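User: Please take a close look at one aromatic residue and the ring contacts that go with it. Start with its exposure.

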Amino acid sequence: MNERNYWQRLGHRKLGRRQLLRASAKAGVGAAGVALVGCGDDDDDDDAIAQLPTAEEQAEQQAEQQVPQEVQQAEEEEVVTVEPSQPKHGGTMRVGLPGDAAHLDFALRVDIMQARNSNLVYSKLYTPKRGPIAPEVEPQVADGFPEYPTPTETIVNLRQDVYFQDVPPVNGRQLTAEDLVVHFNYITRDAEILAFNYAYEPVERVVPTDKFTARYELREPFRPLVDYFGDWYAGNLPPVEVLEQDGNLKSTAIGSGAFIMKEWRKEVGIFYERNPNYFDQPFPYLDNFEILVVPDASARLAAFRGGDFQYLEQFPTALVDSVRSAVSGVQEWPIDGWHQGFILQSQRWPDVRRRQALSRSIDRDALNEAIYLGFGKPSGPIPPMWGDLARPPETFENWVYDPQGAKNLMDAAGYPDGIDLAVKIGPYGGDYEASAEAAIASVRDAGYDLTIQTPVYADWIGDVYTAGEFDIALVPFLRPQLDVQTYGYYHSQSGGNFIHVADPDLDVLADGLRAAPTDEDYRAALLKFEDHLAEQCYYILDVQPPFWYFGQPYLRDMNPGIASYFWSNLMHVVWFDV
Amino acid sequence: MTSYIARRVLLIVPTVIVAGVLIFVLIRLLPGDLAVLMAGESATPEDVERIRENLGLNDSIVVQLGNWAGDFLRGDFGVSAWTGQPIQQEIKRALPVSLELSIGSMIISIAVSLVLGVIAAVKQDSIFDYGARVVALFGLTLPTFWLGVLALLVVSKYFHWVPPTGYTPIYEDPWTNVQQFIFPWLIQGFVLTGLTTRMVRSSCLEVLRQDYVRTARAKGLRESLVLRRHILKNAMLPVMTLIGIQLVVLVTLQLPLEQIFALPGMGRLLLGSVNFRDYEMLQGVIIVIALMIVGVNLLIDLLYGVLDPRITYK
């Protein structure tokens with residue numbers, strides 16, 4: 001960050017011919033141009049980024065229109081013609097996010113900033129394949145897909161051209177099978193609370209068989225392991241040198257990913273530069289990447305409108321029109337978002353008819369139109385983000401809007417006059433809160449009179465996710481592994497079973513999914529699992545909301561999808577067409 | 001004078017002790033559990049219990065208070081439960097941002113208020129008076145967050161420009177720093193102008209009716225001299241008190257502007273500490289605020305003596 005210092009930059013500045021020509025042209029423009037320049041950005045910024053024209057650039061354009069012909073010719077001689085469709089290097093991507101990371105250790109509690117940092121800096125064995133749905137992974141630093149010599153062994157081969165970033169104390173050494181052992185030991189250690197470490201529970205140990213090959217020895221057949229290798233959080237591969245130096249990854253992030261973290265300024269932002277030794281050349285295209293902490297949504301929108309930010313994400317549907325009108329030619333991507341719905345504390349809802357009545361009373365189509373302008377997707381028991389692995393709600397009797405049927409079920413369950421309950425809502429705001437209110441209004445038809453309780457975040461986590469202190473709650477959730485939504489949510493032995501389901505039949509089905517030897521077996525097992533969920537209604541999903549992403553007109557190859565949430569497998573391919 | 005200052009400085013000690021104990025107890029009455037927050041969504045009750053034990057949250061509140069007080073007396077504010085960073089370091093990072101924001105807006109506010117307030121008083125019930133009072137009224141009623149959003153909206157929509165996002169220290173890049181602060185300074189300065197202008201006006205009106213002002217004029221002194229030496233100097237006493245309070249409040253309560261203009265000041269540090277139930281951080285921040293209040297009050301009291309020779313300290 002040396003060059004961020006103004007005085008040093010001033011000393012290092014070189015005045016080129018182009019600058020001289022521009023300066024002389026500017027001088028002739030007059031007071032109006034000067035006034036605009038005064039409002040503009042810093043002309044000396046070495047990190048000058050490709051943006052929409054700022055006021056200063058507009059002034060320059062006006063100035064250049066008035067330069068003498070010979071000056072223009074001289075300038076034109078220097079212009080390098082680039083095909084607009086050809087990716088090219090250069091530019092600084094600036095993005096605003098609402099909050100800073102508490103720390104940068106992906107193995108501990110995760111948050112919005114930290115997860116994105118991890119995906120820029122680290123690589124994984126496998127990574128979610130870019131696209132509109134999320135069921136597949138593709139090799140990243142792995143050399144091809146794993147081999148399965150026995151049901152309890154998974155062999156992974158590494159690419160031999162992967163090096164860590166050339167930053168002390170790692171200094172650009174090669175990534176080897178020993179790093180897979182370090183990774184496994186770190187994310188499954190007992191010392192601290194780890195995020196989603198239950199994903200690796202079936203793995204007994206990792207044994208390197210040569211420099212670039214490791215064998216994962218399993219306690220039981222565990223087909224989804226390859227998906228967890230591509231996990232947004234737990235899949236990142238850290239170097240042992242940082243762990244030996246700091247004991248954790250809280251403040252130092254060095255990986256083998258596309259961007260090198262240059263500086264983390266608390267509550268200001270994280271600054272990155274291109275990793276010149278990235279194994280997947282010619283990526284990344286961007287020279288620099290900056291994540292700025294901008295808590296206010298309208299300020300982020302203003303920065304996007306002013307050209308200071310290239311990219312906006314996760315805007316509420318209600319603000320979509322504001323963004324569209326803010327920048328001419330803005331690109332937008334309404335991608336599949338998290339899934340959400342009512343979770344019912346199973347031990348307090350023993351009668352299946354009450355659960356089924358609740359599901360039948362939700363008008364998913366109306367909710368989608370009212371809250372998400374029709375861009376959401378009504379959800380069955382497996383959310384639509386899983387593509388053809390998920391069936392739509394109309395497939396299942398209990399997931400079709402049927403207020404009279406719901407009422408009949410409530411009568412049969414002994415609640416002809418309905419029931420009053422408190423529903424817990426997380427403090428997330430935006431579309432989530434609006435859709436919660438709509439869903440709650442919808443279920444009144446069946447006699448459910450739900451009163452909203454919005455606890456502070458700590459109590460929300462404690463009551464809903466940890467202690468199970470709720471009757472009914474409306475939760476948003478997003479994970480890139482289908483195993484989380486099958487075994488993770490519903491198996492009685494799973495650490496992620498915050499619904500507290502204890503259904504022996506479901507346990508058998510979930511175990512069967514993990515052990516399915518082929519894709520066909522897996523699909524067949526999933527159909528049975530889904531049918532059982534649709535009947536039992538433990539987690540009543542309503543509509544899968546869209547996430548709204550916006551980009552400046554000159555962004556290319558962005559195309560975010562649910563698989564690239566948290567920027568996984570995304571930012572290294574993006575380039576500026578300017 | 002020296003003994004007075006020494007007594008006031010000594011009084012800081014019990015003030016800080018009382019403030020510290022109050023803060024310590026009140027923070028723990030906040031709903032929400034730090035251990036639960038740290039454990040996150042995938043934790044079991046056993047995990048939460050382990051964190052609670054590690055953080056010493058299972059100790060009695062007296063033991064926790066004793067541990068904290070012992071560290072504090074040794075000059076150790078502790079470390080953030082979340083980041084593991086020393087709290088002094090976090091405060092050292094945020095305080096300059098808030099001070100720069102506060103001092104800049106105070107300068108604007110004082111300069112504008114003095115002019116408007118004095119004109120409004122001297123030209124009472126004239127068009128200037130009404131104009132100044134309307135400006136003051138707007139300053140009092142328009143919230144900073146609304147002005148901030150409006151400012152960004154206008155410049156981004158009509159000039160396709162926004163101030164450089166984030167915070168760059170003034171010693172690194174003064175021009176970028178000024179661009180980042182100019183809107184917060186102007187907005188906060190304008191809002192402060194409302195109250196200060198009214199205070200200056202009412203103080204001046206009161207002094208204008210004093211006998212010594214009439215005497216000064218009867219002696220044939222120039223009006224500018226009367227204004228500067230007899231009116232303004234005496235009218236400044238209550239204004240000084242107000243400015244002192246404003247300065248302390250500004251350092252800690254500029255959260256809306258910090259949020260909108262992405263400035264990492266004390267307001268955001270305070271909010272983050274509350275949101276994350278970072279008890280030690282919150283205690284550290286509030287103790288610093290308490291010290292600032294005591295220090296500024298002392299400074300204002302001493303300035304009274306400078307402004308009004310009749311005030312002496314024994």
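What is the relative accessibility of A:Trp548, and does A:Trp548 count as buried or exposed?

Analyst: A:Trp548 counts as buried, because its relative accessibility is 0% (buried is under 20% relative accessible area, exposed over 50%, partly exposed in between, with a 1.4 Å probe and protein chains only). This is a predicted model in which local features need pLDDT of at least 70 and side-chain atom pairs pLDDT 80 or more, while totals for chains, interfaces and linings use all residues. Residues are numbered from 1 along each chain as written, chains are lettered from A and ligands numbered from 1 in written order, and side-chain values use heavy atoms without hydrogens or water.

A:Trp548 sits in strand β19 (residues 546–551) of chain A, and its ring partner A:Phe375 in the loop between α13 (364–372) and β13 (377–378) (helices, H or I of at least four residues, and strands, E of at least two, are DSSP runs numbered from the N terminus). The two residues are 173 positions apart, so the pair links distant parts of the chain. Their geometry is edge-to-face, at 4.8 Å centre to centre and 70° between the planes (Phe, Tyr and six-membered Trp rings pair with centres within 6.5 Å; under 30 degrees is stacked, over 60 edge-to-face, the rest tilted). Unlike the buried A:Trp548, A:Phe375 is partly exposed, with a relative accessible area of 38%.

Over all chains the structure holds 35 aromatic pairs. Ring pairs also join a cluster that includes A:Trp460, A:Tyr465, A:Phe477 and A:Tyr539. A:Trp460 and A:Tyr465 are among the buried residues of helix α16 (residues 457–467) of chain A, along with A:Ile461 and A:Val464. The buried residues of α16(A) pack against β12, β14, α15 and β16 of chain A, and against α2 (34–39) and α3 (45–55) of chain B (contact means heavy atoms within 4.5 Å). Just after α16(A), A:Gly468 has a positive phi of about 70°.

Helix α13(A), which precedes the loop of A:Phe375, contacts α15(A) through A:Leu367, A:Ile371 and A:Tyr372. On the α15(A) side, the contact uses A:Asp431, A:Ala434, A:Ser435, A:Ala438 and A:Ala439.

As for confidence, chain A averages a pLDDT of 82, and 83% of its residues score at least 70 (pLDDT is the predictor's confidence in each residue, from 0 to 100). Residues 1–80 of chain A have pLDDT below 50, yet this stretch has 105 contacts in the model beyond near neighbours in sequence.
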